[in-house]
Amino acid sequence: MSQADLLDQDPVFQLKGSMLAITVLELTQNDPERLDQQLAKKVEQAPDFFNNTPLVLALDKLPADCELDLPALIALCRKHGLRTLALRAGHPAIVEAAGALDLPVLPPSGAKERKLDPTTRSSAAPAKPAEPAYRPSRVVTTPIRGGQQIYAQGSDLIVLAPVSPGAELLADGNIHVYGPLRGRALAGIKGDTGARIFCQQLAAEMVSIAGQYKVAEDLRRDPLWAEAVQISLSGDVLNITRL
C-alpha cells in the first residue's frame with residue numbers, strides 16, 4: 001500500500017458529543033416592537049450575558065395564523081447580541097422559511113422522538129431502555145476562581161468553598177454551595193426541571209434551572225439576596241426560598 005493510500009485512510013475529523021449551555025427564547029406573541037423594547041431592557045440589566053449568546057428561537061407557541069417575518073426576527077435578535085443557531089417549530093410555513101435560511105429545526109416542545117433503524121423490522125419488539133448509570137456527586141473542596149468552569153455530568157455538584165465572580169458551575173442535577181455563590185450556577189442543564197440550587201449566601205451573577213434563569217439585577221431585588229437560600233423551578237418561574 002502506498003503512502004498516498006495510507007493518507008487517504010487517515011481520518012481528518014472526529015464526531016464528539018458536547019455539553020453547551022444554550023439559551024432558548026420562547027415567543028408567545030408575534031410583536032417585534034415589544035420584543036425589541038423588552039430585549040433592550042434585558043441587555044441593560046446584563047450586557048455581558050447577551051454578548052454573542054447562542055440561541056434556540058422557539059416559535060412553536062405562536063398562533064398558527066400569525067404572519068411571521070423570520071429574517072427580520074433573527075436580525076432583531078442579532079441586534080441584541082443573540083445568535084440564532086436553530087429554530088424550534090412545527091408549523092410548515094416556519095419550517096419552510098427556516099430551510100430557505102439554512103437553519104436547522106428542532107421538534108416542538110414536548111414532542112416525542114424515537115430513533116429509526118432501517119435495518120430493523122417494524123414488528124420487532126422494542127428494546128428495553130438501558131438503566132441509567134449511577135454517578136456519584138462531584139465534590140469540590142477548593143475555591144472556584146473567576147474564569148473556572150466546573151461541570152458535574154449526570155450528577156449533583158457540591159462545592160465546599162466560595163465561588164468567585166466570573167466562575168461558572170454546571171450540573172445535570174442539583175448544585176450545592178456551602179459558601180458564598182458569586183458566580184453563575186446552572187442546574188438541570190439537560191432539562192431536569194426538578195433540579196435545585198442551594199447556597200449559603202446568594203450573591204450570584206446568574207442562576208438557572210433547566211434553561212430558566214435570573215441575572216444579578218433581578219436577584220438583587222429579591223428580599224433574600226445575600227441570604228442562605230434554595231432555588232427551585234415551578235413552571236417557568238424560579239422560586240427563591242430561605243433555607
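**Figure 1. Contacts across the whole chain.** Take the contacts in this predicted model between residues at least 6 apart in sequence: 37% of them join residues at least 24 apart. The secondary structure adds up to five helices and 15 strands. The chain has 243 residues, and 36% of them count as buried. Its accessible surface comes to about 15,300 Å², with 51% of that belonging to carbon and sulfur atoms.

**Figure 2. Helix α2 has a buried side and an exposed side.** Helix α2 takes in residues 32-45, 14 residues in total. From first C-alpha to last, α2 reaches 20 Å, close to the 20 Å expected at 1.5 Å a residue. Which residues of α2 are buried? They are L35, L39 and Q45. These three cover an arc of only 110° around the axis, which means they sit on the same side of α2. Look at the other side of α2 and you'll find E33, Q37, K41 and E44, which are exposed. As a reminder, an α-helix has 3.6 residues a turn, so residues three or four places apart point the same way. The cover over the buried residues of α2 includes two helices, α3 (70-79) and α5 (216-220). Strands β1 (23-26), β3 (82-88) and β13 (212-215) are also among the elements covering them.

**Figure 3. A closer look at L39 and what it touches.** L39 belongs to helix α2. Its relative accessible area is 8%, under the 20% cut-off, so L39 counts as buried. Leaving out residues up to four places away in sequence, what does L39 touch? Its contacts are L25, L76, H80 and L82. Also worth picking out here is K79, which is 40 residues from L39 along the chain. The C-alpha atoms of L39 and K79 are separated by 9.7 Å.

**Figure 4. D218 pairs with both K42 and R221.** Start with K42, which forms a salt bridge with D218; their closest N and O atoms are 3.6 Å apart. K42 lies in helix α2 and D218 in helix α5, so this pair ties together parts that are 176 residues apart in sequence. Is D218 buried or exposed? D218 is buried, at a relative accessible area of 17%. K42, on the other end of the salt bridge, is partly exposed at 33%. The side chain of D218 also meets that of R221 in a salt bridge, this time at 2.8 Å from N to O. R221 counts as exposed, with 57% relative accessibility.

**Figure 5. More salt bridges, including R34 with D31.** How many salt bridges does the count come to? The total is 10. In one of them, the side chains of R34 and D31 meet with 3.6 Å between N and O. R34 is partly exposed at 38% relative accessibility, and D31 is also partly exposed, at 26%. Back at the D218 site, R221 supplies the partner at 2.8 Å. Elsewhere, E26, D60, K61 and R88 are joined into one network by salt bridges that share partners.

**Figure 6. D172 is a buried loop residue with polar partners.** D172 is found in the loop between β8 (168-171) and β9 (175-181). With 11% relative accessibility, D172 counts as buried. What does its side chain meet? One partner is the side chain of Y151, in a polar contact of 2.9 Å. A polar atom of the D172 side chain also lies 2.5 Å from the backbone nitrogen of G154. Setting aside residues up to four places away in sequence, D172 touches Y151, A152, Q153, G154 and S155, along with G188, I189, K190 and D192.

**Figure 7. Two loop residues with positive phi, D102 and A210.** Most residues other than glycine have a negative phi. D102 is not a glycine, yet its phi is positive, near 60°. You'll find D102 in the loop between α4 (92-100) and β4 (105-106). Is D102 buried or exposed? D102 is exposed, with a relative accessible area of 70%. A210 isn't a glycine either, and it has a positive phi of about 50°. Its place is in the loop between β12 (206-209) and β13. A210 counts as partly exposed, at 23% relative accessibility.

How values were computed: Residues numbered from 1 in each chain as written. Predicted model: local features only at pLDDT ≥ 70, side-chain atom pairs only at ≥ 80, totals over all residues. Heavy atoms only, no water. Helix = DSSP H or I, 4+ residues; strand = E, 2+ residues; numbered from the N terminus. Buried < 20%, exposed > 50% of the residue type's maximum accessible area, 1.4 Å probe, protein only. Polar contact = N/O pair within 3.5 Å; in protein donor to acceptor, adjacent residues only side chain to side chain. Contact = heavy atoms within 4.5 Å. Expected span 1.5 Å × (residues − 1). Arc of directions from axis to C-beta. Salt bridge = Lys/Arg side-chain N within 4 Å of Asp/Glu carboxyl O. Areas by Shrake-Rupley, 256 points an atom, 1.4 Å probe, with all protein chains shown as cover.
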